Amino acid sequence: MPVGMPEFVENPENRCPVILLLDTSGSMSGQPIQELNRGLAAFKEDVMKDAQASLSVEVAIVTFGPVRLTQDFVTIDHFTPPKLEADGVTPMGEAIEYALDLLEQRKQTYKNNGVHYYRPWVFLITDGAPTDDWQGAAQRVREEEEQRRMLFFTVGVQGADMNKLKQIAPRPPVMLNGLDFRSLFVWLSTSMKRVSSGKVGEAVALPPVGWGQITT
């Protein structure tokens with residue numbers, strides 16, 4: 001990567017990267033995917049209310065029916081929420097591996113350009129169970145968490161295999177209240193605002209989870 005990429009010259013703020021790892025398999029069709037799309041729009045709208053966060057928070061979206069990079073990393077002020085469509089099975093293991101690789105590449109880009117960054121977040125949302133081998137991906141998630149290299153959150157929508165989600169990340173999964181994606185994404189936005197207003201490496205108290213039930 002060349003040093004001094006234009007995006008970092010124009011905006012040298014510390015970055016707060018978040019990957020949204022979204023299940024768009026066939027079972028999400030209909031109202032679930034519609035509400036998820038509305039939630040993404042609410043996320044952009046809410047982060048944009050905070051001048052600092054809109055320059056610091058970077059979002060990437062990896063979807064999995066087939067695994068694809070739906071949105072590469074952009075700061076929220078350049079983010080256009082996509083219109084997701086539901087199709088396919090649930091290759092969750094492959095999607096997690098893809099997201100972690102994407103994150104490593106982005107962190108290297110920050111380093112190459114002298115940009116500081118907050119601990120990245122990966123936010124997995126699913127209404128099913130993996131249809132591929134996921135144990136290797138789960139092991140990698142736990143190792144990355146132990147080394148404090150990222151924070152990995154799992155959210156189950158009705159129908160999700162919560163027992164599998166418990167095995168993927170060290171922090172307990174949250175079962176979404178109905179299809180209240182909007183509240184989830186406003187919570188994520190509030191969390192990102194708190195993180196981006198603090199110092200890099202500083203612990204931040206997250207707002208209470210009012211949008212779901214923590215599954216222990």
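## The sheet

In this predicted model, seven strands (E runs of at least two residues by DSSP, numbered from the N terminus) form an open sheet with mixed pairing, in the order β3-β2-β1-β4-β5-β6-β7. Its edge strands, β3 (67–75) and β7 (212–214), each pair on one side only, where pairing requires that DSSP finds at least two bridges between two strands. Between β2 and β3, which run antiparallel, there are six bridges, and V62 stands opposite L69 in β3.

Residues are numbered from 1 along each chain as its sequence is written, and side-chain values use heavy atoms, with hydrogens and water left out. As the model is predicted, local features need pLDDT of at least 70 and side-chain atom pairs count only at pLDDT 80 or more, whereas totals for chains, interfaces and linings use all residues.

## The nonpolar cores

The largest nonpolar core (buried Ala, Val, Leu, Ile, Met, Phe, Trp, Tyr and Cys residues joined through side-chain atoms within 4.5 Å) has 36 residues, and L20, F43, W121, F123, I125 and F185 are those with the most contacts inside it. Here buried means under 20% relative accessible area, exposed over 50%, and partly exposed in between, with a 1.4 Å probe and protein chains only. The helix α7 (181–197) is among the elements that each supply at least two residues of this core, and α7 gives the most, with seven residues.

## Around L55

L55 is found in helix α3 (residues 51–56), helices being DSSP runs of H or I with at least four residues. L55 counts as partly exposed because its relative accessibility is 29%.
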